Amino acid sequence: MPNIKSAKKRVLVTESKTLQNKMFKSSYRTAMKKYEAAVASGNKSDAETAYADAVKKIDVAVAKNIIHKNTAARKKSRYTKMLTAMQA
């Protein structure tokens, strides 16, 4: 345990930030799974709404440095191809 006041504060701040990151990662992964499930089910309208949510979560994850920008670009590209393949 830290003895210095600023070090104690950093421990508390780190714990809260870690919790926030875990919560966001969980919602990010859930959005990905919902989109993939919507595409697998073949429901076009559900897939489009899930796609919009998934892309938004991906963009926020890049902004928060949770995933790399190239990973985000690859995921968005794959999800876009999946959506256009459904419509064709």
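**Entry 1: helix H2**

I looked up the side of H2 that lies away from its buried residues and found Thr49, Lys56 and Ala63 exposed there. The model is predicted, and I read local features with that in mind. I then listed the buried residues of H2: Ala47, Ala50, Tyr51, Ala54, Val55, Ile58 and Ala61. Viewed down the helix axis, these residues stay within an arc of 140 degrees, so they line one face of H2. I checked what they pack against and noted H1 and H3.

I also compared the length of H2 with expectation. Its 20 residues should span 28 Å at 1.5 Å a residue, and the end C-alpha atoms are 29 Å apart, which agrees. After H2 comes Asn65, and I noted its positive phi, near 60 degrees.

**Entry 2: helix H3**

I repeated the length check on H3. The helix has 19 residues and reaches 27 Å from first to last C-alpha, close to the expected 27 Å. Its buried residues are Ala72, Tyr79 and Leu83. They cover an arc of only 40 degrees around the axis, which puts them on the same side of H3. On the other side I found Arg78, Lys81 and Ala85 exposed. The buried residues of H3 pack against H1 and H2.

**Entry 3: the core**

Next I looked up the largest nonpolar core, which has 18 residues. The members that touch the most others are Tyr28, Met32, Tyr35, Tyr51, Ile58, Ile67 and Tyr79. Helices H1 (5-41), H2 (44-63) and H3 (69-87) each supply at least two residues of this core.

I followed Tyr51 further, leaving out residues up to four places away in sequence. Tyr51 touches Tyr35, Lys76, Tyr79, Thr80 and Leu83. Of these contacts, Tyr79 and Leu83 are among the buried residues of H3.

**Entry 4: the salt bridge**

How many salt bridges does a search of the whole structure find? I got one. It joins Asp59 to Lys76, with the closest N and O atoms 2.8 Å apart. The pair links distant parts of the chain, as Asp59 is in helix H2 and Lys76 in helix H3, 17 residues apart. Side chains of opposite charge can pair when their charged atoms come close.

I then looked up the accessibility of both partners. Asp59 has a relative accessible area of 36% and is partly exposed. Lys76, at 26% relative accessibility, also counts as partly exposed. I noted again that Lys76 is one of the residues touched by Tyr51.

How values were computed: Residues numbered from 1 in each chain as written. Predicted model: local features only at pLDDT ≥ 70, side-chain atom pairs only at ≥ 80, totals over all residues. Heavy atoms only, no water. Core = buried A, V, L, I, M, F, W, Y, C linked by side-chain atoms within 4.5 Å. Buried < 20%, exposed > 50% of the residue type's maximum accessible area, 1.4 Å probe, protein only. Helix = DSSP H or I, 4+ residues; strand = E, 2+ residues; numbered from the N terminus. Contact = heavy atoms within 4.5 Å. Expected span 1.5 Å × (residues − 1). Arc of directions from axis to C-beta. Salt bridge = Lys/Arg side-chain N within 4 Å of Asp/Glu carboxyl O.
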